[in-house]
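Student: Please pick one part of this model and walk me through it closely, strand by strand or helix by helix. I would like to see how it sits with what surrounds it.

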Amino acid sequence: LWRRLESCRAGHTRNAPQRRYNDRANMVETSHDRHGIYQRRHFFIVLCVVFTGAVCTQHFFLRALAKLRPTRHSHKLLPAELQNIRGPDDTEEFSRDVTCIEPGLPRGAFHVVIAGWDFVEHFADHYLWDLGLTNALFILYRRTRPELPPRIWKGPCGMRGQEVVMLPNRGLEASAFYDYMIKHFDNPPLGLAFLHGHAAISWHTSCESVLSRVFLYYSKVHDADEMDIPNMLTLTSKSDGRNMKPFEWFGGRKLLDGKLASSNAKRIETLNLCKAILSEISTRGNNITQFVGSAVHRPEMHSCCASFVLKGAKFGQIELQVLQNLKALTMGTDVEQKVAATHCFEFIVYAMYGDDSTSVARTWYLQAEAILPKIKQARAFVKCSRERAGHIS
């Protein structure tokens with residue numbers, strides 16, 4: 001045992017230099033390995049920093065570029081009223097089997113304004129979309145529920161819809177009309193169909209008159225000669241659509257009651273304010289003021305209830321300042337709201353924008369009546385008639 005221990009100690013002493021060399025070599029190798037690890041770690045850290053910087057730079061660059069170039073909400077692509085929409089997440093897109101009018105008008109060249117007040121939950125199901133007015137813009141006014149943001153719609157045939165929330169709820173359809181005319185005074189469409197919130201279903205209008213005349217006007221306004229396009233077409237008729245002759249029945253029983261049934265200081269003041277504003281019209285003011293508060297001296301073509309089609313070229317016929325004053329009047333709290341909306345809009349709008357002669361308009365009414373059989377086969381008319389039947393029952 002002793003000899004074995006001595007032999008092991010002797011061998012250990014002889015191999016000590018080799019072991020020390022191996023230990024130093026291992027230390028150098030370990031140091032090199034650690035250095036390589038540190039280099040690789042630094043490389044990946046630098047790479048991550050560079051990549052993150054590149055992503056951030058690209059993000060801010062694209063945001064800056066987006067502010068410089070037109071977006072899909074730009075005035076170059078859409079009419080003025082679509083510039084303030086919140087973004088694509090607010091758009092309700094829908095499609096259904098609709099026969100589009102071809103050739104269609106350019107985008108935004110025809111507007112359908114629905115001067116309602118209540119919140120229409122399922123506006124995408126409205127029968128007006130089924131008319132197929134290619135590229136038309138529907139503008140739906142809402143005068144309630146301010147906590148809900150305005151909505152937009154994207155339907156078939158390139159048709160779009162925009163909801164306008166207008167508060168407070170004063171002025172009835174009159175304030176909505178003047179608000180629309182002010183916003184589009186410098187950029188009018190080729191044609192405007194102006195409807196109440198009930199659209200074609202009421203005692204003073206019908207599915208027959210609204211759908212046939214709007215369809216006809218849209219189809220003809222682009223190619224017709226300017227002189228052959230009437231300034232206005234009334235959409236008024238009997239509610240059952242049986243009397244489509246606007247020169248025989250156009251809500252006359254309401255027009256005959258155009259003068260005030262009773263007078264008080266507030267009503268008289270409202271009429272005087274209206275006359276003062278209308279007297280500022282440079283061209284036709286004297287002819288219009290005589291209609292305020294009176295049932296006589298109407299123009300040849302006049303109608304109650306203010307549902308009509310208006311030629312866009314006539315938007316500038318009444319000065320912008322006058323329109324702004326009329327809107328302020330109809331929304332004012334110091335006037336009789338019903339009197340202002342009726343006598344300062346409904347009973348004078350045909351004198352403001354209508355034709356001096358009815359010969360042109362008469363031809364269009366007859367043509368609209370002639371296409372009624374075709375209209376009655378359309379999906380829009382079927383849905384409108386079904387809704388009318390439910391409304392009456």
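Tutor: Happy to. One cut-off first: a residue is buried when its relative accessible area is under 20%, exposed when that value is over 50%, and partly exposed in between. Helix H8, residues 337-346, makes a good warm-up, since 8 of its 10 residues are buried and the helix is mostly covered. The buried ones are Val 339, Ala 340, Ala 341, Thr 342, His 343, Cys 344, Phe 345 and Glu 346. Keep in mind that this is a predicted model. For scale, 46% of the 393 residues of the protein count as buried, and the protein has 12 helices and 8 strands.

The part I would look at closely is the sheet. It is open, has 8 strands with mixed pairing, and runs in the order S1-S4-S5-S3-S2-S6-S8-S7. At the edges are S1 (91-93) and S7 (232-234), each of which pairs on one side only. From one strand to the next, the twist averages 15 degrees.

Let us start inside the sheet, at S3. This strand covers residues 137-142, and 6 of its 6 residues are buried, so S3 is mostly covered. It helps to recall that side chains in a regular strand alternate between the two faces of the sheet. In S3, Leu 137, Ile 139 and Tyr 141 lie on one side, Phe 138, Leu 140 and Arg 142 lie on the other, and all of them are buried. Both faces of S3 are thus covered, with Arg 142 and Tyr 141 among the buried side chains.

Now for the partners of S3. With S5, residues 160-165, S3 pairs in the parallel sense over 6 bridges; Leu 137 has Arg 160 of S5 as its bridge partner. With S2, residues 110-115, S3 also pairs in the parallel sense, here over 4 bridges. On that side, Ile 114 stands opposite Leu 140 of S3.

The loop between S2 and S3 is worth a stop, as it holds Asp 130. What makes Asp 130 count as buried? Its relative accessibility is 6%, and therefore Asp 130 falls in the buried class. Setting aside residues up to four places away in sequence, Asp 130 touches Arg 96, Val 98, Arg 379, Ala 380 and Lys 383.

Stepping from S2 to S6, residues 191-196, you find 6 bridges joining two strands that run parallel. His 111 has Leu 192 of S6 as its bridge partner. S6 is largely enclosed by the rest of the structure, because 6 of its 6 residues are buried. Gly 191, Ala 193 and Leu 195 are buried on one side, and Leu 192, Phe 194 and His 196 are buried on the other.

The next pairing is where the sense changes: S6 and S8, residues 308-311, pair in the antiparallel sense over 4 bridges. Two pairs mark the register, with Leu 192 partnered by Leu 310 and Gly 191 opposite Lys 311. Leu 192 therefore has bridge partners in both neighbouring strands, His 111 and Leu 310 of S8. Helix H3, residues 207-221, packs on the sheet and touches S2, S6, S7 and S8; its direction makes about 15 degrees with that of S8.

Away from the strands, one helix pair rounds out the view. The axes of H2 (172-183) and H7 (320-330) come within 9 Å and cross at roughly 150 degrees, and the two helices are therefore roughly antiparallel to each other. Their crossing is left-handed. H2 brings Ala 174, Ser 175, Tyr 178, Asp 179, Met 181 and Ile 182 to the contact, and H7 brings Leu 320, Leu 323, Gln 324, Leu 326, Lys 327 and Thr 330. By class, the contact has 7 nonpolar, 3 polar and 2 charged residues.

Finally, if you would like a contact that spans the sequence, try Glu 387 in helix H12, residues 379-392. Its C-alpha atom is 8.1 Å from that of Ile 201, although the two are 186 residues apart along the chain. Beyond its neighbours within four places in sequence, Glu 387 is in contact with Tyr 127 and Ile 201. With a relative accessible area of 45%, Glu 387 is partly exposed. Across the protein, among contacts between residues at least 6 apart in sequence, 80% join residues at least 24 apart.

Note on methods. Residues are numbered from 1 along each chain as its sequence is written. This is a predicted model: local features need pLDDT of at least 70, side-chain atom pairs count only at pLDDT 80 or more; totals for chains, interfaces and linings use all residues. Side-chain values use heavy atoms; hydrogens and water are left out. Axes are lines fitted to C-alpha atoms, for helices over the stretch in contact, and angles run from 0 to 180 degrees between N-to-C directions. Angles under 35 degrees count as roughly parallel, over 145 as roughly antiparallel, 65 to 115 as roughly perpendicular and the rest as oblique. A crossing is left-handed if the near helix is turned anticlockwise from the far one by less than a right angle, and right-handed if clockwise. Contact means heavy atoms within 4.5 Å. Ala, Val, Leu, Ile, Met, Phe, Trp, Tyr, Cys and Pro count as nonpolar, Asp, Glu, Lys and Arg as charged, and the others, Gly among them, as polar. Buried means under 20% relative accessible area, exposed over 50%, partly exposed in between (1.4 Å probe, protein chains only).
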